[in-house]
Amino acid sequence: MMGTSEGLTFAENKYPFWRCGLQRKEGCTLHKISCAIAFLLAVTVPEQGFSADKELGETRYKKSCISCHGKAGKGAASYPKISGNPVTYTIEKLRLYREGIKQGPNSALMIMMAKPLTDEEIDNLAAYLEDAE
Ligand code: HEC
């Protein structure tokens, strides 16, 4: 295929190192390092510096969760305390419930409550609940 190999030659001479794949070794090393950094950012940012909105979480909480889990997620009667957990824990739990996966003896209630939640609402709720007072 002449057309393709001409394209490759062109790319190799003209394109800067970060256009990897067709490139020289040193270029690829740099490329790999920058890819690694981008990858690390991509996997760590959503867990830590993620942009959830605690205030929206609180509003949502007061709308549909407070009746069972009590003020600030402190728990009430037979309903578990849900504040004070790491954001990732709460997100995981809510996603499992949303998928209809049973976790404790009374999951049916929570599955029903979690069904309508969007990813964003779950993130916001988790951020609010982590240190809700
Ligand atoms: C009708 C009562 C009720 C409502 C309303 C409710 N929950 Fe629950 N929630 C429960 C029950 C009961 C459990 C324990 C379920 C089980 O046994 O798996 C639970 C468990 C949880 C858990 C897991 C706790 C743990 O550590 O295992 C989280 C997180 C949670 N609820 C968050 C919420 C959020 C957020 C809302 C509002 C969108 C909400 N709940 C609304 C009754 C309720």
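At what angle do helix α5 and helix α6 pack, and how far apart are their axes? The two helices, α5 at residues 87-98 and α6 at residues 107-114, meet at an angle of about 90°, and their axes are 7 Å apart. The model is predicted. Its chain holds seven helices and zero strands, and a ligand is surrounded by 20 residues.

**Overall fold**

- Along the sequence, the elements follow the pattern α-α-α-α-α-α-α.
- The chain has 133 residues, and buried residues make up 15% of them.
- Among contacts between residues at least 6 apart in sequence, 51% join residues at least 24 apart.

**Packing of α5 with α6**

- Two packed helices are described by the angle between their axes and the distance between the axes.
- For α5 and α6 these values are about 90° and 7 Å, which makes α5 roughly perpendicular to α6.
- On the α5 side, the contact is made by Leu94, Tyr97 and Arg98.
- On the α6 side, Ser107, Met110, Ile111 and Ala114 take part.
- By class, the residues of this contact are five nonpolar, one polar and one charged.

**Packing of α3 with α7**

- Helix α3 (residues 54-64) packs against helix α7 (residues 119-130) at an angle of about 95°, with the axes 7 Å apart.
- This angle makes α3 roughly perpendicular to α7.
- Lys54, Leu56, Gly57, Glu58, Arg60 and Tyr61 are the contributions of α3 to the contact.
- Helix α7 answers with Glu121, Asn124, Leu125, Ala127 and Tyr128.
- The residues of the α3 and α7 contact divide into five nonpolar, two polar and four charged.

**Nonpolar core**

- In soluble globular proteins, nonpolar side chains tend to be buried together.
- The largest nonpolar core here has 14 residues.
- Within this core, Ile91, Leu94, Ile122, Leu125, Ala126, Tyr128 and Leu129 touch the most other members.
- Helices α5, α6 and α7 are the elements that give two or more residues to the core.
- The largest share, six residues, comes from α7.
- Leu94 of the core is also part of the contact of α5 with α6, while Leu125 and Tyr128 are also part of the contact of α3 with α7.
- Not counting residues up to four places away in sequence, alanine 126 touches Ala52, Val87, Thr90 and Ile91.

**Ligand surroundings**

- Of the 20 residues around the ligand, Cys65, Cys68, Gly104, Asn106 and Ser107 come nearest.
- Each of α4 (66-69), α5 and α6 supplies at least two residues of this shell.
- Helix α6 gives the most to the shell, with four residues.
- The shell is made up of eleven nonpolar, eight polar and one charged residue.
- Ser107, named above for the ligand, belongs to the contact of α6 with α5 as well.

**Cysteine 65**

- Cysteine 65 is found in the loop between α3 and α4.
- Is cysteine 65 buried or partly exposed? It has 19 other C-beta atoms within 10 Å, and 20 or more would be needed for a buried residue, so cysteine 65 is partly exposed.
- Cysteine 65 and alanine 114 are 49 residues apart in sequence, and their C-alpha atoms are 9.9 Å apart in space.

**Loop between α5 and α6**

- Glycine 100 lies in the loop between α5 and α6.
- Because it has 12 C-beta neighbours inside 10 Å, glycine 100 counts as exposed.
- Glycine 100 and methionine 112 are twelve residues apart in sequence and 8.2 Å apart in space, C-alpha to C-alpha.

**Loop between α4 and α5: positive phi**

- Most residues other than glycine have a negative phi.
- Alanine 72, in the loop between α4 and α5, has a positive phi, near 55°.
- Alanine 72 counts as partly exposed because it has 19 C-beta neighbours inside 10 Å.
- Alanine 77, also placed in the loop between α4 and α5, has a positive phi near 45°.
- Alanine 77 has 6 other C-beta atoms within 10 Å and is therefore exposed.

Methods. Residues numbered from 1 in each chain as written. Predicted model: local features only at pLDDT ≥ 70, side-chain atom pairs only at ≥ 80, totals over all residues. Axes fitted to C-alpha atoms, helices over the stretch in contact; angles between N-to-C directions. Parallel < 35°, antiparallel > 145°, perpendicular 65-115°, else oblique. Contact = placed C-beta atoms within 7 Å. Nonpolar A, V, L, I, M, F, W, Y, C, P; charged D, E, K, R; others polar. Near = placed C-beta within 6 Å. Core = buried A, V, L, I, M, F, W, Y, C linked by C-beta atoms within 7 Å.
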